[in-house]
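Good morning, and thank you for coming. I would like to take you through one protein model, step by step.

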Amino acid sequence: MECQECHERKATLHFKHIINGKETKVSLCEVCAKKKGYLTYPEEGYSLNDLLAGLFQKDGLNLNAAATANSNQPKQPQELKCSSCGRTFSEFKEAGKFGCADCYASFGSKVEPILRRVHAGNTKHIGRMPKRAGKYIQQKQLISSHKEELKQLIEEEEFEKAAILRDKIRELEKANHPNKEAGDET
């Protein structure tokens, strides 16, 4: 979409005005938005696109530079493309958004190293716990991790430690389900 003011650059900012119940939408480029007074942040502000572009270039994933460098070669490798929505990796970089849920799987090999660096090594989103069920979920996770540890202790033939851990698991299960018997599993 082009800027509605200058009709020269791509519109990257979209504003919605509601005056006396009448809605007006305006799509502007960054330059025109600054001229009109919509933007007040300093020149050194960064957009999501700038952030993604910088991250991809740091990891050596600047596709435009690679394409220019290899222009002498007759055959270039085909660019990554999502099999579901057809969005290319270049389009993803430009927009800063995936086209569909399958884009992550399609571009995962190029996006994962960046996410790992941005999120301090974490690439799996766990999410937030609801306040009401948070305690119950945490206890359930603790029981699950104790059961894994119990299996490991049994494999290592550490039966005394395993018995202590088994008793802890039973206590936690009783606390979670006070009406159920300790040996009753559902």
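Let us begin with the stretch from residue 140 to residue 175. Over these residues the chain is 92% helix and 0% strand, and the C-alpha atoms at the two ends are 11 Å apart. UniProt, in an unreviewed entry, lists residues 140–175 as "domain: UVR". Please keep in mind throughout that we are looking at a predicted model.

Now let us step back to the whole chain. The protein chain has 7 helices and 2 strands. Read from the N terminus on, the order of elements is β-β-α-α-α-α-α-α-α. Of its 186 residues, 20% count as buried.

Let us return to the loop between helix 6 and helix 7. Helix 6 covers residues 131–155 and helix 7 covers residues 159–176, and E157 lies in the loop between them. E158 is placed in that loop between helix 6 and helix 7 as well. What kind of charge gathers in the surface patch that includes E157? The charge is negative, and the patch is formed by E155, E156, E157, E158 and E160.

How open to the surroundings are the two loop residues I have named? E157 has a relative accessible area of 58%. The cut-off for exposed is over 50%, so E157 counts as exposed. For E158 the relative accessible area is 30%, and this residue is therefore partly exposed.

E157 deserves a second look for its backbone. Its phi is positive, about 60°, although E157 is not a glycine. Where else can we find a positive phi in a residue other than glycine? H7 is an example, with a phi near 60°. H7 lies in the segment before strand 1, which spans residues 13–19. With a relative accessibility of 48%, H7 counts as partly exposed, because partly exposed covers the range between under 20% and over 50%.

I turn next to pairs of opposite charge. How many salt bridges does a search of the whole structure find? The search finds 7, and I shall present three of them.

The first pair on my list is E23 and K25, whose side chains meet in a salt bridge at 3.9 Å, taken from N to O. E23 has a relative accessible area of 43% and is partly exposed, whereas K25, at 56%, counts as exposed.

The next pair is E30 and K34, with a salt bridge of 3.7 Å from N to O. Both residues lie in helix 1, residues 30–36, and they are 4 residues apart, about one turn of the helix. E30 is partly exposed at 29% relative accessible area, and K34 is partly exposed at 25%.

The last pair takes us back to helix 6. Here the side chains of E148 and K151 form a salt bridge of 4.0 Å, again from N to O. E148 and K151 both lie in helix 6, 3 residues apart, which is about one turn of the helix. K151 is exposed, with a relative accessible area of 51%.

To close, I would ask you to find two places in the model for yourselves. One is the negative patch that includes E156 and E160; the other is the salt bridge between E148 and K151. Thank you for your attention.

Conventions:
Residues are numbered from 1 along each chain as its sequence is written. This is a predicted model: local features need pLDDT of at least 70, side-chain atom pairs count only at pLDDT 80 or more; totals for chains, interfaces and linings use all residues. Side-chain values use heavy atoms; hydrogens and water are left out. Buried means under 20% relative accessible area, exposed over 50%, partly exposed in between (1.4 Å probe, protein chains only). UniProt positions are given in the numbering used here, feature names are shortened, and annotations may be inferred rather than shown by experiment. Patches are made of residues with over 30% relative accessible area and no salt bridge: like charges are joined within 9 Å, nonpolar side chains (Val, Leu, Ile, Met, Phe, Trp, Tyr) within 5 Å. Accessible areas come from the Shrake-Rupley method with a 1.4 Å probe; for residues, only the protein chains shown count as cover. Lys and Arg count as positive and Asp and Glu as negative; His and the chain ends are not counted. The place of a charge is taken as NZ of Lys, CZ of Arg, CG of Asp or CD of Glu.
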